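Please have the sequence and the three-dimensional view open side by side while reading. The paragraphs below are meant to be followed with both in sight.

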Amino acid sequence: MKTVMILGGAKGVGKEILKSCIEKGYNVAFSGRQNADGTALIESLNAKDRLYFHELDLNSIDGIEDFYNETIKRFKKIDALVLYAGISPIASILDAEEDIYDSIFNVNLKAPFFLIKHVLKSMVDQNSGSIIFFGSAHMDYGAKDRAPYALTKNALNTLSTHIAHHYAKYGVRSNYIVMGWTNTEGELELRSKEGICEKELKTKVSNVVPMGRMLNTIDPLPAVMHLISDQSMMTTGSVIRITGGEYI
């Protein structure tokens, strides 16, 4: 039985990955900012023995090692690590304040890096493992009002290929999924603050994305589940674009 660790997992695409893993019979350790979200999800899936939730505020790495240690304590190993959690506040170079910059880098880059630090050691010891990064079409240069966000997503791609190059000899593979414009709770909340409702957002996106619609939370699932599975044993260092043809 595989054990999958998800940084995130209580909402959005991360939640769909978790549900799919449970359907496969996997153990899942996941995290989120609100304990109530994790508890409600565990109760709804009727799989308490195969689920572990760890409350984390990713602005600090204080709980990262505890998340790893509790996962190992409960499930003995980690076969796959899915790095889903992230934030994308509006911030251009000209108007970015230090606190917003620091928060984006803490959540999107620093927290994943230090979780990888712990998980990678166990994967090297067991001579196997799959690390799956969630990136963004902003990774190349990004929209003007997402400058710090774009930097973190580009850095995650570098980290993924770094792992793929240096740790393949230990049976560890690492791949980067470019996720396009998706109607997650976070995206809808962000746009709502801008005065844009979901219907208006979908209309806007349909004129931007070549395939005519924004992603739903199910669209990235097949690629993620493939990278978790043993069918991807020789796949590492890859960039998989699930964007509907959108490039930024």
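What follows is a walk through this predicted model, beginning with the sheet and ending with a few single residues.

The natural place to begin is the sheet, which is open, contains seven strands in the order 3-2-1-4-5-6-7, and is paired in the parallel sense. Its edges are formed by strand 3 and by strand 7, residues 239–242, each of which pairs on one side only. From one strand to the next, the twist averages 15°. As a general point, the strands of a sheet pair through backbone hydrogen bonds, in either a parallel or an antiparallel manner.

Strand 1, residues 3–9, makes a good starting point within this sheet. Seven of its seven residues are buried, so the strand is largely enclosed by the rest of the structure. It runs parallel to strand 2, to which five bridges join it, and one of the pairs to look for is Gly9 with its bridge partner Ser31 in strand 2. Strand 1 also pairs with strand 4, residues 80–83, again in the parallel sense and over four bridges, and here Met5 stands opposite Leu81 of strand 4.

How does the chain pass from one of these strands to another? Strand 1, helix 1 (residues 12–24) and strand 2 together make a β-α-β unit, and this unit is right-handed. A right-handed β-α-β unit is likewise made by strand 2, helix 2 (residues 35–45) and strand 3. Strand 2, residues 27–32, and strand 3 run parallel and are joined by five bridges, with Val28 having Leu51 of strand 3 as its bridge partner. Although strand 3 is an edge strand of the sheet, this stretch, residues 51–55, is mostly covered, with four of its five residues buried.

Helix 3, residues 64–75, belongs in the same part of the picture, since this helix lies across strand 1, strand 2 and strand 3 and runs at about 165° to strand 3. Which residues does Ala29 touch beyond its neighbours within four places in sequence? Ala29 lies in strand 2, and with those neighbours left aside, its contacts are Val4, Met5, Ile6, Tyr52, Phe67, Thr71 and Phe75. The C-alpha atoms of Ala29 and Ile6 are 6.2 Å apart in space, whereas the two residues are 23 residues apart in sequence. Ala29 counts as buried because its relative accessibility is 0%, the cut-off for that class being under 20%.

Further along the sheet, strand 5 (residues 129–136) and strand 6 (residues 172–179) run parallel and are joined by eight bridges. Within this pairing, Phe134 stands opposite Ile177 of strand 6.

Two helices are worth following as a pair, namely helix 4, residues 98–126, and helix 5, residues 147–167, whose axes come within 9 Å and cross at roughly 15°. Angles under 35 degrees count as roughly parallel, and helix 4 and helix 5 are therefore roughly parallel to each other. The crossing in which helix 4 passes helix 5 is right-handed. On the helix 4 side, the residues that meet helix 5 include Tyr101, Ile104, Phe105, Leu109, Phe113 and Ile116, while those of helix 5 that take part include Tyr149, Leu151, Ala155, Leu156, Leu159 and Ile163.

Two asparagines in loops deserve a separate look for their backbone angles. Asn46 is found in the loop between helix 2 and strand 3, and its phi is near 55°, a positive value in a residue other than glycine. At a relative accessibility of 73%, Asn46 counts as exposed. Asn127, in the loop between helix 4 and strand 5, has a phi near 60°, which is likewise a positive value in a residue other than glycine. Asn127 is partly exposed, with a relative accessible area of 48%.

The last stop is Glu246, which is found in the segment after strand 7. Is this residue buried or exposed? With a relative accessibility of 7%, Glu246 counts as buried. Leaving aside its neighbours within four places in sequence, Glu246 is in contact with Ala137, Gly180, Trp181, Val208, Val209 and Pro210.

Notes:
Residues numbered from 1 in each chain as written. Predicted model: local features only at pLDDT ≥ 70, side-chain atom pairs only at ≥ 80, totals over all residues. Heavy atoms only, no water. Buried < 20%, exposed > 50% of the residue type's maximum accessible area, 1.4 Å probe, protein only. Pairing = 2+ DSSP bridges. Right-handed = clockwise from strand over helix to strand, strands pointing away. Axes fitted to C-alpha atoms, helices over the stretch in contact; angles between N-to-C directions. Parallel < 35°, antiparallel > 145°, perpendicular 65-115°, else oblique. Left-handed = near helix turned anticlockwise from the far one by under 90°. Contact = heavy atoms within 4.5 Å.
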